[in-house]
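Please keep the model open beside you while you read this note, and follow each point on it in turn. The points deal with a pocket and then with a sheet.

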Amino acid sequence: MALQFYSDFFKSTADVLEDVIKNDTWPTTFVSGPSEGLHVHWHLDEVHAYIMEGETDFLDAKSGIRTPVKAGDKIVVPARTLHAEGAVLKRVVYILALPQPLPPEEFLAMHEPDTLN
């Protein structure tokens, strides 16, 4: 499946939490510091990413398209979908919503493209 982008999806943290509850997911906060971007990878679980602060872009590796995202946007990364966060100038603050509560080392696990079955 492809990444799904929802521009200007929310206006407040309350809007995000309402969507998290509606989707029966578990929220956590993640902050990306300055970087040139991440390598292409995939995760075991679907992730809903709400951009609370900052801007970057996301690469959908299947299509090769980079989509810019900013505060107020939502991205759905289906499980086992190759993708990469783009460059971050200052920082990007996310609320990530997952299908189950996981420790950071599990929900942040980035699997290499060549291990995708």
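1. Before the pocket is described, one term is needed: a strand here is a DSSP run of E with at least two residues, and strands are numbered from the N terminus. The model itself is predicted, and the points below should be read with that in mind.

2. Which strands help to line the largest pocket, each with at least two residues? They are strand 2 (26-32), strand 3 (47-53), strand 7 (83-85) and strand 8 (92-98), and the largest share, 3 residues, comes from strand 8.

3. The largest pocket has a volume of about 310 Å³, and 17 residues line it. Nearest its centre lie Phe30, His41, His43, Leu96 and Leu108, which would be a sensible place to begin looking.

4. When the lining of the largest pocket is sorted by class, 12 of its residues are nonpolar, 4 are polar and 1 is charged.

5. Turning to the sheet, 3 strands form an open sheet in the order 5-4-7, with antiparallel pairing. Strand 5 (65-70) and strand 7 stand at the edges with a single partner strand each, so one side of each is left without a neighbour in the sheet. From one strand to the next, the twist averages 20°.

6. Strand 7 therefore deserves a second look, because it supplies at least two residues of the pocket lining and also stands at an edge of the sheet. Strand 4 (residues 55-60) is joined to strand 7 by 3 bridges, and the two run antiparallel. Opposite His83 in strand 7 stands Asp60.

Notes
Residues numbered from 1 in each chain as written. Predicted model: local features only at pLDDT ≥ 70, side-chain atom pairs only at ≥ 80, totals over all residues. Heavy atoms only, no water. 1 Å grid on protein atoms, 1.4 Å probe; cavity = no way out; pocket = protein on both sides within 12 Å on 5 of 7 lines; lining within 4 Å. Points joined across faces, edges and corners; volume = space filled by probe spheres on them. Helix = DSSP H or I, 4+ residues; strand = E, 2+ residues; numbered from the N terminus. Nonpolar A, V, L, I, M, F, W, Y, C, P; charged D, E, K, R; others polar. Pairing = 2+ DSSP bridges. Axes fitted to C-alpha atoms, helices over the stretch in contact; angles between N-to-C directions.
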